[in-house]
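Hi,

Here is the structure I promised to pass on. Have a look at it first, and then read on for what I found.

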Amino acid sequence: ASHAAAVVAARGVTNAEGSNTAPTSHSADKSDIGDTMSSIENSLLQTREDLSSSLPPIRARGVIRLRTIGHDLTIQSQKCLVITEDDSSHLRQLLELAIVALKDEESYVYLAAIQAIVALADSCPGVVLPILL
């Protein structure tokens, strides 16, 4: 429910450049993430910018993007049957950003962060659980 609330809150939000980049409720669209390191890095950069926004809907969008990037990274790794060091590094960065989002004062942001952490831990426990424990 909190993920849905965050998606609704982020719907129609524009970034500083004025473009509408609201996330979807699932990660079927690969145009945001792609298979290249540069697109992952760009997505991480945009996520960091969103999470540092003063507007709660944009912060919620950043948390949703965390979950989407993590999901796409693990799907990509599962296709290769191994998690690369780059993927592991990106997952650690995603987890760190989600942990920071736990401190947000808006409930739909920090509840979405909890769901992002759970999703990351569920999809890649070998990388995430040692950090959390």
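Of the contacts in the chain between residues at least 6 apart in sequence, 61% join residues at least 24 apart. Please keep in mind that this is a predicted model.

The overall layout is easy to describe. The chain has six helices and zero strands, so the order of elements from the N terminus reads α-α-α-α-α-α. Of its 133 residues, 44% are buried. The surface that the chain exposes comes to about 7000 Å², and carbon and sulfur atoms supply 57% of that area.

Next, the interior. The largest nonpolar core contains 25 residues, and those with the most contacts inside it are L51, V63, L66, L73, L91, L94 and L120. Five helices each supply at least two residues of this core: α2 (37–51), α3 (56–80), α4 (85–101), α5 (107–123) and α6 (125–132). Which helix gives the most to this core? That is α5, with eight residues. As general background, nonpolar side chains in soluble globular proteins tend to be buried together.

L66 is a good residue to click on if you want to see how the core is put together. Leaving aside neighbours within four places in sequence, L66 is in contact with T47, L51, L94, L97 and A98. Two of these partners, L51 and L94, are also listed among the core residues with the most contacts.

Another one to look at is L44, which is found in helix α2. Is L44 buried or exposed? L44 counts as buried because its relative accessibility is 0%, and the cut-off for buried is under 20%. Apart from neighbours within four places in sequence, L44 is in contact with I69, H90, Q93, L94 and L97. The pair L44 and Q93 shows how the chain brings distant parts of the sequence together: these two are 49 residues apart in sequence, yet their C-alpha atoms are 8.4 Å apart in space. L94 and L97 appear among the contacts of L44 and also among those of L66.

Finally, a polar detail. S88 lies in helix α4, and this serine counts as buried because its relative accessibility is 8%. What does the side chain of S88 make a polar contact with? The partner is the side chain of R92, at 2.6 Å.

Enjoy exploring, and write back with any questions.

Best wishes

Technical notes. Residues numbered from 1 in each chain as written. Predicted model: local features only at pLDDT ≥ 70, side-chain atom pairs only at ≥ 80, totals over all residues. Heavy atoms only, no water. Core = buried A, V, L, I, M, F, W, Y, C linked by side-chain atoms within 4.5 Å. Buried < 20%, exposed > 50% of the residue type's maximum accessible area, 1.4 Å probe, protein only. Helix = DSSP H or I, 4+ residues; strand = E, 2+ residues; numbered from the N terminus. Contact = heavy atoms within 4.5 Å. Areas by Shrake-Rupley, 256 points an atom, 1.4 Å probe, with all protein chains shown as cover. Polar contact = N/O pair within 3.5 Å; in protein donor to acceptor, adjacent residues only side chain to side chain.
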